Amino acid sequence: MVHGHWLHELGLDGAYELAEVTPDGLDRFILGMRKAGYVGGNVTVPHKQSVFRLVARCDAAAESIGAVNTLWFEGDALVGGNTDAVGFIGNLDDRAPGWDNGAGQALVLGAGGAARAAVYGLLGRNMDVAVVNRTRETADTLARHFGPRVRVHSWDELLELLPRTDLLVNTTSLGMLGKAPLIIDLAPLKASAVVHDVVYVPLETPLLAAARRRGHRTVDGLGMLLQQAVPGFARWFGATPKVTDALRARVEADIRATSPVA
Ligand code: ATR
């Protein structure tokens, strides 16, 4: 829907379509992309790591985040990139201008793929990052990978962390439609803090609703989905599209239609 919207808006001849590829069929599909007429593509679960061995090279973001979500050709070489961090930061810039104020302290909940993209983006914006995750070991691995500006804490430490947090980010699947809500007492959170949830179904998660009620600026996850699509489109079709209110409204309507409680 997103890429189709942009193709139509920019009057470009092209298509973005879904290809269901099994792990067994991945090599054949990726290595046959050129011949099949593709100029590139997105990669999603469960292939985001497996494609590393199939690309000629990858960009710094994919390398650091440990996942490829976008493929394009440079000459005959297939390149793998990761646009999730750009999408994450672009969404914050768009929905909460001035959120980073030059630097600051972020608190990231979760330590999976989305967290790695968030941390990579936040370090690029000079933020210090505290990570809290259910499985401590996963968070420790993430912190070791990204270096001393990332510190791991336990859930028990939230009470001390929240008053010095400028940006609170949920990257866990808690709060997603069908999952348990993420319940945190936001009372100690710094009054000026921005609260961001990468979950976008529902658009307003229980965490965001609680933050809004306390007067915090909130950012939902839909913008990240839209913003991460921009660099891929630009590579494939040679024109940089815009995330407009019209596009957002269209995707929001689709989410509401397919998940009525959202
Ligand atoms: P993604 O790529 O979307 O980040 P993921 O890699 O599966 O998905 O990561 C999911 C994150 O949500 C992890 O941080 C996970 O915590 P664990 O590392 O302990 O698995 C977190 N998560 C999922 N369900 C959770 C729950 N019920 N309570 C707390 N954290 C949860």
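Start with the ligand: in this predicted model, its surroundings are formed by Gly110, Ala111, Gly112, Gly113, Ala114, Asn133, Arg134, Thr135, Thr138, Thr172, Ser173 and Leu174. Sorted by class, this shell holds 3 nonpolar, 8 polar and 1 charged residues. Which polar atoms come within 2.9 Å of the ligand's oxygen atoms? One is a polar backbone atom of Ala114, 2.9 Å from an oxygen atom of the ligand. Arg134 offers a polar side-chain atom, also placed 2.9 Å from a ligand oxygen. Asn133 does likewise with a polar side-chain atom, here at 2.7 Å from an oxygen atom of the ligand. On its own, the ligand would expose 640 Å², and the protein buries 60% of that.

Now turn to Trp155, which touches two of those residues. Trp155 sits in the loop that runs between strand 7 (150–153) and helix 7 (158–161). Setting aside neighbours within four places in sequence, Trp155 makes contact with Leu109, Val132, Asn133, Arg134, Leu182 and Ile184. Is Trp155 buried, exposed or partly exposed? Its relative accessible area is 32%, so Trp155 counts as partly exposed, since that class lies between the 20% and 50% limits. You can also look across to Asp185: the two residues are 30 places apart in sequence, and their C-alpha atoms are 12 Å apart in space.

Leu109 and Leu182 turn up again when you look at Asn170. This residue belongs to strand 8. Asn170 has a relative accessible area of 0%, so it is buried. What is Asn170 in contact with, once neighbours within four places in sequence are left aside? Its contacts are Leu109, Leu182, His196, Asp197, Val198, Val199 and Leu207.

Strand 8 (167–170) also helps to cover helix 4. Helix 4 covers residues 84–95, 12 residues in total, and spans 16 Å from first C-alpha to last, close to the 16 Å expected at 1.5 Å a residue. Within helix 4, the buried residues are Asp84, Ala85, Gly87, Phe88, Ile89, Gly90, Asn91 and Leu92. Besides strand 8, their cover includes helix 3 (60–65), helix 5 (113–124), strand 9 (194–197), strand 10 (217–219) and helix 9 (222–237).

Helix 9 appears once more beside helix 1. In helix 1, made of residues 2–9, the buried residues are Val2, His3, His5, Trp6 and Leu7. These buried residues pack against strand 1, helix 9 and helix 10 (245–258). After helix 1 comes Gly11, with a positive phi near 65°.

That brings us to the backbone. Most residues other than glycine have a negative phi, and most peptide bonds are trans. Asn126 is not a glycine, yet its phi is positive, at about 70°. You will find Asn126 in the loop between helix 5 and strand 6 (127–132). With 40% relative accessibility, Asn126 is classed as partly exposed.

Where are the cis peptide bonds to look at? One runs from Val45 to Pro46, with omega near 5°. Pro46 is located in the loop connecting strand 1 (40–42) and strand 2 (57–58). Another cis bond links Val201 to Pro202, where omega is about 5°. Pro202 is in the loop between strand 9 and helix 8 (206–213).

Conventions
Residues are numbered from 1 along each chain as its sequence is written. This is a predicted model: local features need pLDDT of at least 70, side-chain atom pairs count only at pLDDT 80 or more; totals for chains, interfaces and linings use all residues. Side-chain values use heavy atoms; hydrogens and water are left out. A residue is near a molecule or strand if one of its heavy atoms lies within 4 Å of it. A polar contact is a pair of N or O atoms within 3.5 Å; within protein, one must be able to donate a hydrogen and the other to accept it, and residues adjacent in sequence count only if both atoms are side-chain atoms. Accessible areas come from the Shrake-Rupley method with a 1.4 Å probe; for residues, only the protein chains shown count as cover. Ala, Val, Leu, Ile, Met, Phe, Trp, Tyr, Cys and Pro count as nonpolar, Asp, Glu, Lys and Arg as charged, and the others, Gly among them, as polar. Helices (H or I, at least four residues) and strands (E, at least two) are DSSP runs, numbered from the N terminus. The expected span of a helix is 1.5 Å times one less than its number of residues. Buried means under 20% relative accessible area, exposed over 50%, partly exposed in between (1.4 Å probe, protein chains only). Contact means heavy atoms within 4.5 Å.
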